[in-house]
Amino acid sequence: MIEVCAGLLEGDTPEVCARKEAIEETGYKLDKIEKVFEAYMVPGTVTQKAHFFIAVCTNNMRIGYGGGAENETENIEVLEITFTKALEMIKSGEINDAKTIMLLQYAQNAQLLK
């Protein structure tokens, strides 16, 4: 499964959780993040709401290797690909996670990357 980093709030605010998950899963400490939208992933079935953030990420923000928290049983491999390749991977079915597709399409519609 290829997906953007994400996690359960576990008492944190959505912004705190997003920053924490970015460090744990990708190894990047993000300076500025922006909430772009929130959505119910499966209305009528699940009441859980997802909060979607974007951020600029540069090499000097890397403070670790990522891969997930040591106390959790996550098996995460950090994957860095071009924006164009990510969009192609949606078409090919290699990326089929809803939250990842939503964020990539948001970035495309907002013309964040060219």
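These are my notes on the cores and one helix pair in this model.

**Ground rules.** I'm working from a predicted model, so local features need pLDDT of at least 70, side-chain atom pairs count only at pLDDT 80 or more, and totals for chains, interfaces and linings use all residues. Residues are numbered from 1 along each chain as its sequence is written, and side-chain values use heavy atoms, with hydrogens and water left out.

**Core.** I looked up the largest nonpolar core (buried Ala, Val, Leu, Ile, Met, Phe, Trp, Tyr and Cys joined through side-chain atoms within 4.5 Å; buried is under 20% relative accessible area, 1.4 Å probe, protein chains only). I got 8 residues: Phe83, Ala86, Leu87, Met89, Ile90, Ile95, Leu104 and Ala107. Helix 2 (83-92) and helix 3 (98-109) each supply at least two of them (helices are DSSP runs of H or I, at least four residues, numbered from the N terminus). Helix 2 gives the most, with 5 residues. I also noted a second, separate core of 7 residues, including Ala22, Ile33, Phe53 and Met61.

**Ile95.** Leaving aside neighbours within four places in sequence, I find Ile95 in contact (heavy atoms within 4.5 Å) with Ile2, Ala86, Met89, Ile90, Thr100, Ile101 and Leu104.

**Lys99.** Is Lys99 buried or exposed? It's buried, at a relative accessible area of 17%. Lys99 sits in helix 3. Beyond neighbours within four places in sequence, I see Lys99 touching Glu3, Val4, Ala6, Met41 and Phe52, among its contacts.

Conventions. Buried < 20%, exposed > 50% of the residue type's maximum accessible area, 1.4 Å probe, protein only. Helix = DSSP H or I, 4+ residues; strand = E, 2+ residues; numbered from the N terminus.
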